[in-house]
Amino acid sequence: MSMDGHTVRTGKRGGYFLVEWTSQWDPDLGELIGYIPELVRGHRVAIVSSDSGPYPVDETMRAAGWTTPQNISISPIIGLADFPYTPGFDEWYVFDAVPSVLPSHAFVNGWGFTPLADGHSDTEAFWEQVQASQPLHVLGAGTPAMFLVTRDAHLARPAAAWMPLEA
């Protein structure tokens with residue numbers, strides 16, 4: 001679907017539903033989370049990229065339950081008002097519990113990355129990481145695309161109908 005230069009594409013792979021928004025904009029996961037807070041509320045978030053680097057966890061956050069194994073920032077259970085800051089070039093893996101296999105590579109930092117590009121080496125490596133870590137969802141915001149990968153069809157449907165504010 002396309003609207004004013006903004007494209008929404010969907011797909012399915014390995015038991016996951018995919019929604020991708022593409023346009024000439026700087027995507028922000030905060031907009032998507034504001035629209036569908038259930039994506040993270042009540043879950044743990046493993047942040048592998050925040051503004052193209054590690055998510056900064058300070059001592060106050062550590063006291064609240066944040067951890068940083070292998071330079072990946074893992075949140076405690078996200079509450080109603082606890083959503084992490086999303087500066088852009090973010091890649092989040094959402095879990096019910098800390099996974100035994102952590103995602104370790106950020107793919108959104110490469111220009112034009114998409115989980116829908118069959119046969120591309122980065123896309124195949126992304127899917128290998130997803131299959132190894134088995135997240136509930138993956139949220140990514142690079143340039144010029146933002147995406148949601150989810151096992152939950154009930155969340156994929158409203159996401160596919162959503163249009164970001166800056167589109």
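Of the 167 residues of this protein, 49% count as buried. The model is a predicted one. This report starts with the whole chain and then moves to single residues.

## The whole protein

Four helices and eight strands make up the secondary structure. Along the sequence they come in the order β-β-β-α-β-α-β-β-α-β-β-α. The radius of gyration is 15 Å, close to the 15 Å that the globule rule gives for 167 residues, so the protein is as compact as a globular protein of that length. Along the principal axes, the C-alpha trace spans about 45 × 30 × 30 Å.

How much of the contact network joins residues 24 or more positions apart? Take the contacts with a separation of 6 or more: such residues account for 70% of them.

Now the outside. The accessible surface comes to about 7,700 Å². Carbon and sulfur atoms hold 53% of that surface. The protein has 8 positive and 19 negative charges. The mean positions of these two sets are 10 Å apart.

## Helix H4: two sides

Helix H4 covers residues 153-161. Which of its residues are buried? They are Leu155, Ala156, Ala159 and Ala160. These residues cover an arc of only 130 degrees around the axis, which puts them on the same side of H4. A general rule helps here. An α-helix has 3.6 residues a turn, so residues three or four places apart point the same way.

What do the buried residues of H4 pack against? Their partners are strand E2 (6-13), strand E3 (16-22), strand E7 (137-141) and strand E8 (145-150).

The other side of H4 has exposed residues: His154, Arg157 and Ala161. Take Arg157 as an example. Its relative accessibility is 55%. Exposed means over 50%, so Arg157 counts as exposed. Arg157 and Ala97 are 60 residues apart in sequence, and their C-alpha atoms are 25 Å apart in space.

## Buried or exposed: a table

Here are some residues with their places in the structure and their relative accessible areas.

| Residue | Place | Relative accessible area | Class |
|---|---|---|---|
| Gly34 | helix H1 (residues 29-35) | 57% | exposed |
| Ser52 | loop between E4 and H2 | 43% | partly exposed |
| Thr123 | helix H3 (residues 121-133) | 1% | buried |
| Val138 | strand E7 | 0% | buried |
| Arg157 | helix H4 | 55% | exposed |

Why does Thr123 count as buried? Buried means under 20% relative accessible area, and the value for Thr123 is 1%. Thr123 lies in helix H3. Leave aside its neighbours within four places in sequence. Thr123 is then in contact with Arg13, Phe113, Thr114, Pro115 and Ala117.

Val138 sits in strand E7. At 0% relative accessibility, Val138 is buried too. Which residues does Val138 touch, not counting residues up to four places away in sequence? The list is Glu91, Trp92, Tyr93, Phe126, Val130, Phe147, Leu148 and Val149. Val138 and Met163 are 25 residues apart along the chain. Their C-alpha atoms are separated by 18 Å.

Gly34 belongs to helix H1. With a relative accessible area of 57%, Gly34 is exposed. Gly34 and Thr68 are 34 residues apart in sequence. In space they are 25 Å apart, C-alpha to C-alpha.

## Backbone exceptions in the loops

Most residues other than glycine have a negative phi, and most peptide bonds are trans. Some places in this model depart from that pattern.

Which loop holds Asp51? Asp51 is in the loop between strand E4 (44-49) and helix H2 (59-63). Its phi is near 55 degrees, a positive value in a residue other than glycine. Ser52 is found in the loop between E4 and H2 as well. Phi of Ser52 is near 70 degrees, and this is again a positive value in a residue other than glycine. Ser52 is partly exposed, at 43% relative accessible area.

The loop between E7 and E8 contains Pro144. What kind of peptide bond joins Thr143 and Pro144? The bond is cis, with omega at about 5 degrees.

Methods. Residues numbered from 1 in each chain as written. Predicted model: local features only at pLDDT ≥ 70, side-chain atom pairs only at ≥ 80, totals over all residues. Heavy atoms only, no water. Helix = DSSP H or I, 4+ residues; strand = E, 2+ residues; numbered from the N terminus. Rg over C-alpha atoms; globule rule 2.2 N^0.38 Å. Buried < 20%, exposed > 50% of the residue type's maximum accessible area, 1.4 Å probe, protein only. Contact = heavy atoms within 4.5 Å. Areas by Shrake-Rupley, 256 points an atom, 1.4 Å probe, with all protein chains shown as cover. Lys, Arg positive; Asp, Glu negative; His and termini not counted. Charge placed at Lys NZ, Arg CZ, Asp CG, Glu CD. Arc of directions from axis to C-beta.
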